[in-house]
Amino acid sequence: MTDKLKPLRDQIDAIDAQILDLLNQRAKVAQEVGHVKAETRAPVFRPEREAQVLRGVAERNPGPMGGREVQTIFREIMSACRSLEKRVTVAYLGPSGTFSEQAVFQQFGSAIETLPCVSIDEVFRAAEAGTADFGVVPVENSSEGAINRTLDLLLATTTVISGEVSIAVHHSLMTKTGTMDGVKIVCAHSQALAQCQVYLNLHYPHVERRAVASNGEAARLASEDASIAAIASEMAGEQYRLGVVQAHIQDDPHNRTRFAVIGHLHTNPSGDDHTSLVLAVPNKAGAVYNLLAPLATHGVSMTRFESRPARIGTWEYYFYVDVEGHVQDAHVARALEELKHNAAFFKILGSYPVSL
Ligand SMILES: C=C(O[C@@H]1C=C(C(=O)O)C=C[C@H]1O)C(=O)O
């Protein structure tokens, strides 16, 4: 046994030495990139370039390593290289252990500084004021729809969207003891309670449901009180040493949440991008149809259409529209120029690489 393993492990050691050498060669080049950027005051984090690197390695990957795994490794390599230029600070809806934190690491890797915030408002404030270089905020969930507070703040603040992240959201029911004995209250963020309502109605119809600021906060509360159960990610459960009563209790097994990376960075085209807009039209027949006509004329596909009341006391709405392509793509630019003329309100929230 050992005789057979020895030469294989020797091979791995030799390969690791080469990998280590190559990683440091890459890091030195990244440092040089950092110096060039510092001279020109160019931004350190370049989401379009990172998206291209990740798409490239997955495309070229000969296997047997899986494409996703290769991307995860390169995400961390780039994060480590980027941190030699500058460690970016990213604000998110904390505490740690939330899905927002998972989204942060999926976008930036782990060589960053994190700034957990108590509310979505605070994430926007940190990103707007520059306390953080970027913020990560939830935009929509595949079962529950839009996160309204985020939509309102995207409209109201000067931040732009520089990237998007989509993550699978699996909720677990967890307690201090790992059982539901003596549990009187189930705590979670209101979105998580909504995403697990069929399960809760079926199994725990008489247990009180209490909405708290985040699932991470629910996990913290459960860790201090055996009469409280939390719905949260298993990551949060591990952090607060909770026992799993039941894993994957979300009603939709394919439940996903999409997050926006916000800040002041206008991302360049990556070759596969989305553009987010907010629009409004005068309240008259055919106005929405006319508003969107230029998209069809110029062959721009719409990937999302969401409305929010304008909250000015009349039946008027803001429309949140995502389209395929980048504002610098000629056909998108032409479509948006025409669309702007039909709109009573027009704001480009940003163009950014499509999430992996
Ligand atoms: C090295 C660069 O800086 C950062 C690090 C990258 C990398 O390690 O590949 C890519 C983009 C930037 O976020 C660069 O801009 O090329």
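## The annotated span

In residues 89-264, helix accounts for 33% and strand for 33%, and the C-alpha atoms at the two ends lie 13 Å apart. An unreviewed UniProt entry annotates these residues as "domain: Prephenate dehydratase". Please keep in mind that you are looking at a predicted model.

## Four domains along the chain

The chain is split into four domains: domain 1 covers 2-85, domain 2 takes in 89-169 + 256-263, domain 3 runs over 172-246, and domain 4 spans 273-353. Domain 2 is thus written as two segments, 89-169 and 256-263.

Let us look at how domain 2 and domain 3 meet. Their C-alpha centres are 23 Å apart. The contact involves 13 residues of domain 2 and 15 residues of domain 3. On the domain 2 side, the touching residues comprise eight polar, four nonpolar and one charged.

## Start of domain 2

Strand S1 (residues 89-93) is paired with strand S2 (residues 113-117); the two run parallel and share five bridges. If you would like a pair to click on, Tyr 92 has Pro 116 in S2 as its bridge partner. Helix H4 (residues 99-108) joins S1 and S2 in a β-α-β unit, and this unit is right-handed.

The loop between S1 and H4 holds Pro 95. Here the peptide bond from Gly 94 to Pro 95 is cis, and its omega is near 0 degrees.

## The mixed sheet

Another open sheet has five strands, ordered S8-S7-S9-S6-S10, with mixed pairing. Strand S8 (208-211) and strand S10 (243-246) are its edge strands, each pairing on one side only. On average, and with direction ignored, neighbouring strands here are turned by 35 degrees against each other.

Within this sheet, strand S6 (residues 172-175) and strand S9 (residues 228-232) run antiparallel and are joined by three bridges. Leu 173 has Ile 231 in S9 as its bridge partner. Helix H9 (residues 215-224) lies across S6, strand S7 (185-188) and S9, and makes an angle of about 150 degrees with S9.

## The antiparallel sheet

Four strands in the order S13-S14-S12-S15 build an open sheet with antiparallel pairing. Why do strand S13 (302-309) and strand S15 (345-353) each have one side without a neighbour in the sheet? Both stand at the edges with a single partner strand each, so one side of each is left free of a neighbour. The twist from one strand to the next averages 15 degrees.

Strand S12 (residues 273-280) and strand S14 (residues 317-324) run antiparallel, joined by six bridges. Leu 279 stands opposite Phe 319 of S14. Which helix lies across S12, S13, S14 and S15? That is helix H6 (residues 148-156), which runs at about 90 degrees to S13.

## Backbone details in domain 1

Two loops are worth a visit if you are checking backbone torsions. Arg 41 has a phi near 55 degrees, which is positive although the residue is not glycine. Arg 41 sits in the loop between helix H1 (2-40) and H2.

Further along, Pro 64 is found in the loop between helix H2 (47-60) and helix H3 (67-85). The peptide bond joining Gly 63 and Pro 64 is cis, with omega about 10 degrees.

Terms used
Residues are numbered from 1 along each chain as its sequence is written. This is a predicted model: local features need pLDDT of at least 70, side-chain atom pairs count only at pLDDT 80 or more; totals for chains, interfaces and linings use all residues. Domain bounds come from an automatic or database domain assignment. Two residues are in contact if their C-beta atoms, placed from the backbone, lie within 7 Å. Ala, Val, Leu, Ile, Met, Phe, Trp, Tyr, Cys and Pro count as nonpolar, Asp, Glu, Lys and Arg as charged, and the others, Gly among them, as polar. UniProt positions are given in the numbering used here, feature names are shortened, and annotations may be inferred rather than shown by experiment. Two strands pair if DSSP finds at least two bridges between them. A crossover is right-handed if, with the strands pointing away from the viewer, the path from the first strand over the helix to the second runs clockwise. Axes are lines fitted to C-alpha atoms, for helices over the stretch in contact, and angles run from 0 to 180 degrees between N-to-C directions.
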